[in-house]
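Q: Please take a close look at the charged side-chain pairs of this protein and describe how they are placed. Please also comment on any nonpolar surface that accompanies them.

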Amino acid sequence: MQIVRAVPTNIITGFLGVGKSTAISYLLKHKPTDEVWAVLVNEFGEIGIDGSLLAAGQEPGKVFIKEVPGGCMCCASGLPMQIALNMLLARSKPDRLLIEPTGLGHPAEVLASLSSEHYRGVLDIQHTLTLVDARKVTDSRYAQHDIFRQQLQVADVIVANKVDLYQPDSIEKLQDYLLGLPVDTPLQMTTQGQISLAWLQGASGFQASLFSPPPPPTTQAFTELQAPASGFVSKQGYADGMHSCGWVFARSYCFNYERLMSLMTGLSFDRLKAIMHTDRGWMLFNQVDGVLTSSELNDAPDSRIECISSQPEDWQQLDVRLQSLGCRGSD
């Protein structure tokens, strides 16, 4: 049996909607062709969408994906992460491991767990990359959020993403914000998550003693929802001041694309992501900063939508509206 030893491991972190999944997709497309990479994905919501997106189009046997949905994967004594990570390492025996914590997760706790005696000799913890949207540092909801600040404090490399959308003084404001944390970390700039493989290289500078443990979790669910043979299931969550609700519809459901776009355009959540079977085929919907985009997908096992909001929402009303847009038919 092949034993997994000293797997180069990187944390790719950043707040909600900064483009972590896009960056990891870019890395997977540009990894050495002869290497096997594994990705452990943690999502704040209860259903798990990013894993399916990252796996799409990957060469079988070269990329392995494992999800831990339902809140910060290091909460509840770290068991969700340990179980998922052990399964992923045993199955893939990777040449490199990427870990994407939820945008509302505690990256210092993740790094502390990975640096523990249990993984000593198994993982080689290398650079932590923190993606940031420089425009957010002037918004108190981000700039004063403990997790947003911690994500930058644990970074070995800070990556200012979406630079094509910045104002002329956005980078200067980010640099001023970093000085106030204080953070003395290399700053790279990119757009559309185009991460250089070279940024992954190098020993982690993480020091657990500099960080306080996170508060006790207020979410309790870590089991990914699965669609029933027909119909749908939904589940709500709450943690770190954010509310979420996710729906999984059976594959046989088909949604009217135009009506679905109209509904989503009228929603004002902090984050929305969905994979939906529509009368135009399988579609990915992504809403960040109030901007909704859609793109085609080849296929998916079922329809999924996840909404995250900083305010309490009438999820039941949205539940009814979603049901009204879908009709059951043959697969």
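A: In this predicted model, methionine 87 is partly exposed, with a relative accessible area of 45%. Methionine 87 belongs to helix H3, which covers residues 79–92. Together with Leu79 and Ile83, Met87 makes up a nonpolar patch on the surface, and the accessible area of the three amounts to about 290 Å².

Turning to the charged pairs, the structure contains nine salt bridges. Side chains of opposite charge can pair when their charged atoms come close.

One of the bridges joins lysine 173 to aspartate 169, with an N to O distance of 3.3 Å. Lysine 173 is partly exposed at 40% relative accessibility, and aspartate 169 is likewise partly exposed, at 31%.

A further bridge connects glutamate 258 with arginine 280, whose closest N and O atoms lie 2.4 Å apart. This pair links distant parts of the chain, 22 residues apart: glutamate 258 sits in helix H8 (residues 257–265), while arginine 280 lies in the loop between strand S11 (271–278) and strand S12 (281–288). Glutamate 258 has a relative accessibility of 47% and therefore counts as partly exposed, since that class spans 20% to 50%.

Aspartate 302 and arginine 304 also form a salt bridge, at 2.7 Å from N to O. Here aspartate 302 is buried, because its relative accessible area of 7% falls under 20%. Arginine 304 is buried as well, with a relative accessible area of 5%. Elsewhere, Asp133, Arg135, Lys136 and Asp289 are joined into one network by salt bridges that share partners.

Conventions:
Residues are numbered from 1 along each chain as its sequence is written. This is a predicted model: local features need pLDDT of at least 70, side-chain atom pairs count only at pLDDT 80 or more; totals for chains, interfaces and linings use all residues. Side-chain values use heavy atoms; hydrogens and water are left out. Patches are made of residues with over 30% relative accessible area and no salt bridge: like charges are joined within 9 Å, nonpolar side chains (Val, Leu, Ile, Met, Phe, Trp, Tyr) within 5 Å. Accessible areas come from the Shrake-Rupley method with a 1.4 Å probe; for residues, only the protein chains shown count as cover. A salt bridge is a side-chain nitrogen of Lys or Arg within 4 Å of a carboxyl oxygen of Asp or Glu. Helices (H or I, at least four residues) and strands (E, at least two) are DSSP runs, numbered from the N terminus. Buried means under 20% relative accessible area, exposed over 50%, partly exposed in between (1.4 Å probe, protein chains only).
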